[in-house]
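Here's a walk through one model, a stop at a time: a couple of odd backbone angles, a helix, a strand residue, and the empty spaces. Keep the viewer open as you read.

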Amino acid sequence: MLADDASVFRPDLLRGQVALITGGGSGIGLGISELLASLGMHVVIASRKPEHFDSAREQLAATGASVSSIALDVRNQERVKEVVDSVAQQHGRLDLLVNNAAGNFYAPSATLSPNAWKAVVEIDLYGTFHCSQAVYPVMKAQGGGRIVSTSMTLHYRGWPQMAHATAAKAGVDALTRTLAVEWAPERIRVNAIAPGPIPTDGVRKAFTPLPESGIPDVFAAATERMDTYARDHIPLGRWGAPRDIANMVAYLASPAGDWITGAIFVIDGGEWLAKN
Ligand code: NAP
């Protein structure tokens, strides 16, 4: 069961600040959007599909949150710059970028097509770089800011049929450490979060391995199988929830994150350490 964390953050902790969250309309990104908005931040949700970004905006606005949404494909560097400039112009600042957008699917490396490789690396790694580079001048001009990118743990070990995503996320880790050092003089803190398994709709679709692959179908629809997986493979005994990840993003965005940069926070109930 998810801990009752409702009282951890003060309701106005991030009031007056502005966040841009790529992929903020579904799954983990939506959990991050919800929590930051509930702490008073203005949240801009950016992704490709209106059924994600518009419906999330409507859902959050109905709770009284300050939220807007905009169409964005993070692979398109020019569009990324337009979106960042329009957010900065409209709100006069941009305090937090959350690089959460990603694409993923299982595919054997021997037959992975160049387009499939390109699509995932372009969304996960190029997208993270495009967005980070675009917010740099805005954050520099305002005297600082925070970037939090979403990584994973699968590249800490070999993970068959995931060469594209593991390579891209290893790149995100490298980018996080390098930008942290390079942009510290501008007071831009650059960190990453590495979630363990969180059964979002997106990941359930992406992580359904072919039966003959021998890879465990960890997101099998049957609740009983999911319970068994959590008991046997996640030391803390439960699946993750978007809120588990959102809490760390809120912490990093808060004054408590002032002296944290270049860190990659694994939030996975101990799963990757215990993986067998
Ligand atoms: P998800 O719901 O599928 O989220 C992916 C989001 O990215 C969607 O909102 C999607 O919105 C957006 N997106 C995809 N391509 C995009 C593009 N080219 N430009 C802009 N936005 C794009 O999956 P999730 O499980 O919440 O994953 C969120 C993040 O956590 C990802 O970075 C993922 O790698 C990471 N992660 C997840 C898990 C897990 O177990 N769930 C574990 C480790 C890491 P549109 O379709 O509207 O563009």
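Gln 161 sits in the loop that runs between strand S5 (145–150) and helix H5 (163–183); helices (H or I, at least four residues) and strands (E, at least two) are DSSP runs, numbered from the N terminus. This is a predicted model, where local features need pLDDT of at least 70, side-chain atom pairs count only at pLDDT 80 or more, and totals for chains, interfaces and linings use all residues. Residues are numbered from 1 along each chain as its sequence is written, and side-chain values use heavy atoms, with hydrogens and water left out.

Back to that loop. Gln 161 isn't a glycine, yet its phi is positive, about 70°. Arg 187 has a positive phi as well, about 65°, and is not a glycine either. Burial is judged by relative accessible area: buried means under 20%, exposed over 50%, partly exposed in between (1.4 Å probe, protein chains only). Here are the two side by side:

| Residue | Phi | Loop | Relative accessible area |
|---|---|---|---|
| Gln 161 | about 70° | between S5 and H5 | 15%, buried |
| Arg 187 | about 65° | between H5 and strand S6 (188–195) | 48%, partly exposed |

Next, helix H3. It covers residues 77–91, and its 15 residues at 1.5 Å a residue should span 21 Å, which agrees with the 21 Å between its end C-alpha atoms. (The expected span is 1.5 Å times one less than the number of residues.) Which residues of H3 are buried? They are Val 80, Val 83, Val 84, Val 87 and Ala 88. Down the axis of H3 these fall within an arc of 130°, so they line one face of the helix; the arc is that of the directions from the helix axis to the C-beta atoms. The background is simple: an α-helix has 3.6 residues a turn, so residues three or four places apart point the same way.

The face of H3 turned away from the buried side carries the exposed residues Glu 78, Gln 89 and Gln 90. The cover over the buried residues includes strands S1 (18–22), S2 (42–47) and S3 (67–71), plus helix H4 (114–142). At the N-terminal end, Asn 76 acts as the cap of H3, with a side-chain oxygen 3.2 Å from the backbone nitrogen of Glu 78. After H3 comes Gly 92, with a positive phi near 75°.

Strand S2 also holds Ser 47, which counts as buried at 10% relative accessibility. Contact means heavy atoms within 4.5 Å. Leaving aside neighbours within four places in sequence, Ser 47 is in contact with Gly 23, His 52, Phe 53, Ile 70, Ala 71 and Leu 72.

Finally, the empty spaces. On a 1 Å grid over the protein atoms alone, a cavity is a set of points where a 1.4 Å probe fits but cannot get out, and a pocket is an open set with protein on both sides within 12 Å along at least five of seven lines; lining residues have an atom within 4 Å of a point. Grid points are joined across faces, edges and corners, and a volume is the space filled by probe spheres set on the points.

The largest pocket has about 1300 Å³ of space. Of its 48 lining residues, Ala 102, Gly 103, Thr 200, Gly 202 and Val 203 lie nearest the centre. Helix H6 (201–206) gives the largest share of that lining, five residues. The largest cavity has a volume of about 30 Å³, and H4 supplies the largest share of its lining, five residues.

Key: The expected span of a helix is 1.5 Å times one less than its number of residues. A polar contact is a pair of N or O atoms within 3.5 Å; within protein, one must be able to donate a hydrogen and the other to accept it, and residues adjacent in sequence count only if both atoms are side-chain atoms.
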